[in-house]
There are 2 protein chains.
Amino acid sequence: MVPRLVSRWPLGLLRGCPDWRLARAPGAPGEHSPRPRGPVKAGGAGAPACRGCSSTSRAPEVTPTRLRYAVQRLPFSEVSAEDLAAFERIVPGRVITDPLELEASNVDWLKMVRGCSQVLLRPRTTDEVSHILRHCYERNLAVTPQGGNTGMVGGSVPVFDEIILSTALMNQVLSFHSVSGILECQAGCILEELSQYVEARDFIMPLDLGAKGSCHIGGNVATNAGGLRFLRYGSLRGTVLGLEVVLADGTVLNCLTSLRKDNTGYDLKQLFIGSEGTLGVITAVSILCPPRPKAVNVAFLGCPGFTEVLQTFTTCKAMVGEILSAFEFMDAKCMELVRQHLGLASPVQDSAFYVLVETSGSSAGHDTEKLGHFLEYVLSSGLVSDGTVATDQRKIQTLWALRERITEALSHDGYVYKYDLSLPVERLYDLVTDVRVRLGPSAKNVVGYGHLGDGNLHLNVTAEAFSASLLGALEPYVYAWTAEQRGSVSAEHGLGFKKRDVLGYSKAPAAVQLMQQLKLLLDPRGILNPYKTLPSQA
Amino acid sequence: MVPRLVSRWPLGLLRGCPDWRLARAPGAPGEHSPRPRGPVKAGGAGAPACRGCSSTSRAPEVTPTRLRYAVQRLPFSEVSAEDLAAFERIVPGRVITDPLELEASNVDWLKMVRGCSQVLLRPRTTDEVSHILRHCYERNLAVTPQGGNTGMVGGSVPVFDEIILSTALMNQVLSFHSVSGILECQAGCILEELSQYVEARDFIMPLDLGAKGSCHIGGNVATNAGGLRFLRYGSLRGTVLGLEVVLADGTVLNCLTSLRKDNTGYDLKQLFIGSEGTLGVITAVSILCPPRPKAVNVAFLGCPGFTEVLQTFTTCKAMVGEILSAFEFMDAKCMELVRQHLGLASPVQDSAFYVLVETSGSSAGHDTEKLGHFLEYVLSSGLVSDGTVATDQRKIQTLWALRERITEALSHDGYVYKYDLSLPVERLYDLVTDVRVRLGPSAKNVVGYGHLGDGNLHLNVTAEAFSASLLGALEPYVYAWTAEQRGSVSAEHGLGFKKRDVLGYSKAPAAVQLMQQLKLLLDPRGILNPYKTLPSQA
């Protein structure tokens, strides 16, 4: 996807956004769409709507995607009065055509992409989703499934006039097993509400995201969300036990089992985890919830070099073991920026790198003791030059803030070029160093931070303003560098609309071809979330 | 699949097998094919071979599958002299046609199914596998991929004259990352050897099986093996990070990444995990190894009823928490049989049910204390009537033996009907009770045991000899009962050849249809492991 640079909207990122920390749970960090609950209001109220993509006067700051990017509308049908009447029969009173109401669902939360859908449907049941898709399939109408619309890559909003199929009203818990911790719920349940539901029963959700106040569990599964508990509880590919999915032609695929073990045939649900709504619409989820930890500790440490960061990680895994729940890192530049822009003070002496270690366990006494032994060792061996530990909630939040507010600090530093990469941990920071050397004074700041425990680097570059030459120095360099290390050009955010054309940096041609064959098999008319995930050029 | 009962071989199971405990690691229990390393010798040496399925005189106790079951050979080509010459060029000196050498690979370890392949190929590299499959695809020759040949459902041996593609010589470790614990290796590496390799580096494999001394990691992944560490480290769908697979037409699909997070496109490797070699041949695996636990404890407990077993499990998860690594149960009948047939004594007073709890953690002191608090609570509350704890290796083995030797004890009790089911834990034992009532005196013993922590029941019924009427009382009753509970008719063993026709009890018609479409997409000529996994009738 080649953006038309002339019309590219300067990525001020979070500068103009509401304070997203309001939506965050204490101690829950991350780079995940930090939008507080409720619709995004793009542009001023009362301005003319984007009907038929003909007008951008209402929200000039969010250029329609079709104008900003070199993308052609595929030959889908257009929604007719008869279609609207049919939808009204399927979901009476839940066919939204009011341009004001549609606005929030046409624009992504980063305000980078904007569709011009004229219809949003709000089914409550799987049966309604099935009838809607059957109609769309027969009529060759394109559909964009939408959960909380908190994605980072423009995957959850239309590109042109695709019908928006919202899961917002599919928000019922179907069952919860208090012995096994297995939750079954509809796809539109909000993650935070599910968390509260299972926490009241002494379990936790196996995933946690910055966007928890808005994001839907169906969207989490459709994007294979990583998030904050990944290091401890692993991928959704292991914790999601079953899915109910409606296929492009309206067929309901019921794989909603609640079994930890099931080796009967191919595991079809895996096709839909992480496929970003391009192969089917997830309508219900069965997920395994771990028991709620009784104790949480956080340590914040300074390390003299990245080698010491890696050795601290290895030591931590060995000594803290089963209670380790987060191992995050940030470089000195990050600390400088959170100090400069947000007035946050480092709790430890100045260091080249900082590490945040979190433990979650079933015994406060044991956990404190384990963490204490680990800290004693890393301090005495010189791996760590200074450190502090928190057990009370307020101090834990203060320490987490240093890590989780980096994104916010960067947004105050200027225009931000953002990359979310998976790399072998050993080489993780080399990319930051290489980019710093490559860009020299043309960049304002080059910083590296992220989920070290998961091999997930957030490389961010700031400049006074957007610069095509700086972008040219970064891309495809960053993607090629990542490919050379057999890394991933999208660790946890997916490809959506904005990254679909860099897929080839992480996947071999034979793999991309098989993905295209799968798309053709499951959605032969290509009506499900078109222009997403797969490259525009075959 | 309807077996021809007249020619059915009495399933003496382990009676005639070598002592499989020789192949087991201490403390490693399970119902997984317990064959010691080395080929199975079916029948006496020197007898005429099964060339062309025309002769069964050499090993009369293993009737050829084509004679025992109502199965028709599909119209694949037959191996010609030109084919053999082509194979000799691809894998010189590694084309096995000696009937004696082929015998062990034609028969499964349970001695229930027997193919009559006349060619076994032993590639060393992915490139060789690719060339072999390209040739077979062009020539329409059927292929059965084979790892350690330790499967339980006849999935790893030919049904007719399929070419056997063995991974035995693909046994190289490709890399190991000491920071992340990520291992990359060829598919033919033996699980036990990988365990030793990573344990020397202070990690463990995330799975462990009774068959570890023979089974190949590629076969483990192809069958999505569950095993003994499932409760703690979860499914291979989460721990397998990457795969290299050769498709039916010889295309090499390289998805061998070593990244914990990678959201670039569809996760193709999931297609091959658990597909039993019917969609592609796994040639290399990347897998995440957890740190090696420093302390292991085992408790053996007696419970007055199954309600108390469930409450003990809930309590255990809450109090023992993150160090819980196994929660197994067995009923009083199981204890009676291990006592009667193997002379093992119960370490606790007679109870209706017995539970084995294992902990694995990073601190011996902490773990013992946690387990102690748990035991104090369950004993004082009456959930448990008696219990004993082991920390030394010898006593740990003695306690595990009570659970893991049940299979062996059953084989001494007579003909055994075996079912491996996933059920909601709350209803798990009801099936045993129902079957006991249903069969009345026509069964000798009806017992229930298994991995309670995973919801995995092993229901076993013994009788003096095979009886068609008893089989008729059990099937489809057991499968229908399981289906009514939304359970799985194959929890961890897969479907292979023997169970492929019960798939419909656990999967909806739309799901089975999609599986068949996937098979057609990936293997349009159906040459890969035909007659396996998918039902014989569409």
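A nonpolar core is a set of buried Ala, Val, Leu, Ile, Met, Phe, Trp, Tyr and Cys residues joined through side-chain atoms within 4.5 Å. In this predicted model, the largest such core has 88 residues, and Ile217(A) and Ile217(B) have the most contacts inside it. Chain A comes to 18 helices and 16 strands, and 65% of its 538 residues count as buried.

**Chain A overall and the core**

- Among contacts in chain A with a separation of 6 or more, 75% are made by residues 24 or more positions apart.
- In soluble globular proteins, nonpolar side chains tend to be buried together.
- Leaving aside residues up to four places away in sequence, Ile217(A) touches Cys185(A), Gln186(A), Ala187(A), Cys189(A) and Leu191(A).
- The further contacts of Ile217(A), counted in that way, are Leu194(A), Met205(A), Leu207(A), Val285(A) and Ile287(A).

**How the two chains are related**

- Chain B can be laid on chain A with an RMSD of 0.0 Å, using a turn of 180 degrees and a shift of 0.0 Å along the axis.
- The two copies are therefore related as by a two-fold rotation axis.
- Within chain B, the C-alpha of Gly238(B) is the nearest to that axis, at 2.3 Å.
- Both copies use the same surface, since 100% of the contact residues of chain B recur in chain A.

**A polar contact between the chains**

- Asp267(A) sits in the loop between β8 (252-255) and α9 (269-272) of chain A.
- The relative accessibility of Asp267(A) is 19%, so this residue counts as buried, the cut-off being under 20%.
- The side chain of Asp267(A) makes a polar contact with the side chain of Arg237(B), at 3.0 Å.

**Helix α3 in chain A**

- Helix α3 of chain A spans residues 99-106, and its buried residues are Leu102(A), Glu103(A), Ala104(A), Ser105(A) and Asn106(A).
- The cover over the buried residues of α3(A) includes four strands of chain A: β1 (95-96), β2 (120-121), β3 (143-146) and β4 (163-166).
- At the N-terminal end of α3(A), Asp98(A) acts as a cap, with a side-chain oxygen 3.0 Å from the backbone nitrogen of Leu100(A).

**The four-stranded sheet in chain B**

- In chain B, four strands form an open sheet in the order β1-β2-β4-β3, with mixed pairing.
- The edges of this sheet are β1 (95-96) and β3 (143-146) of chain B; each has a single partner strand, so one side of each is left without a neighbour in the sheet.
- Strand β1(B) pairs with β2 (residues 120-121) of chain B in the antiparallel sense, over two bridges.
- Across this pair, Ile96(B) stands opposite Leu120(B), which belongs to β2(B).
- Helix α3 (residues 99-106) of chain B lies across β1, β2, β3 and β4 (163-166) of that chain, and runs at about 80 degrees to β4(B).

**Leu375(B) in helix α12**

- Leu375(B) lies in helix α12 of chain B, which covers residues 364-380.
- Its relative accessibility is 10%, so Leu375(B) counts as buried.
- Leu375(B) touches Ala299(B), Leu301(B) and Val389(B), not counting residues up to four places away in sequence.
- Leu375(B) and Thr315(B) are separated by 60 residues in sequence, and their C-alpha atoms are 9.8 Å apart in space.

Note on methods: Residues are numbered from 1 along each chain as its sequence is written. Chains are lettered from A and ligands numbered from 1 in the order in which they are written. This is a predicted model: local features need pLDDT of at least 70, side-chain atom pairs count only at pLDDT 80 or more; totals for chains, interfaces and linings use all residues. Side-chain values use heavy atoms; hydrogens and water are left out. Buried means under 20% relative accessible area, exposed over 50%, partly exposed in between (1.4 Å probe, protein chains only). Contact means heavy atoms within 4.5 Å. A polar contact is a pair of N or O atoms within 3.5 Å; within protein, one must be able to donate a hydrogen and the other to accept it, and residues adjacent in sequence count only if both atoms are side-chain atoms. Copies are superposed by least squares on the C-alpha atoms of residues with pLDDT of at least 70 in both. Two strands pair if DSSP finds at least two bridges between them. Axes are lines fitted to C-alpha atoms, for helices over the stretch in contact, and angles run from 0 to 180 degrees between N-to-C directions.
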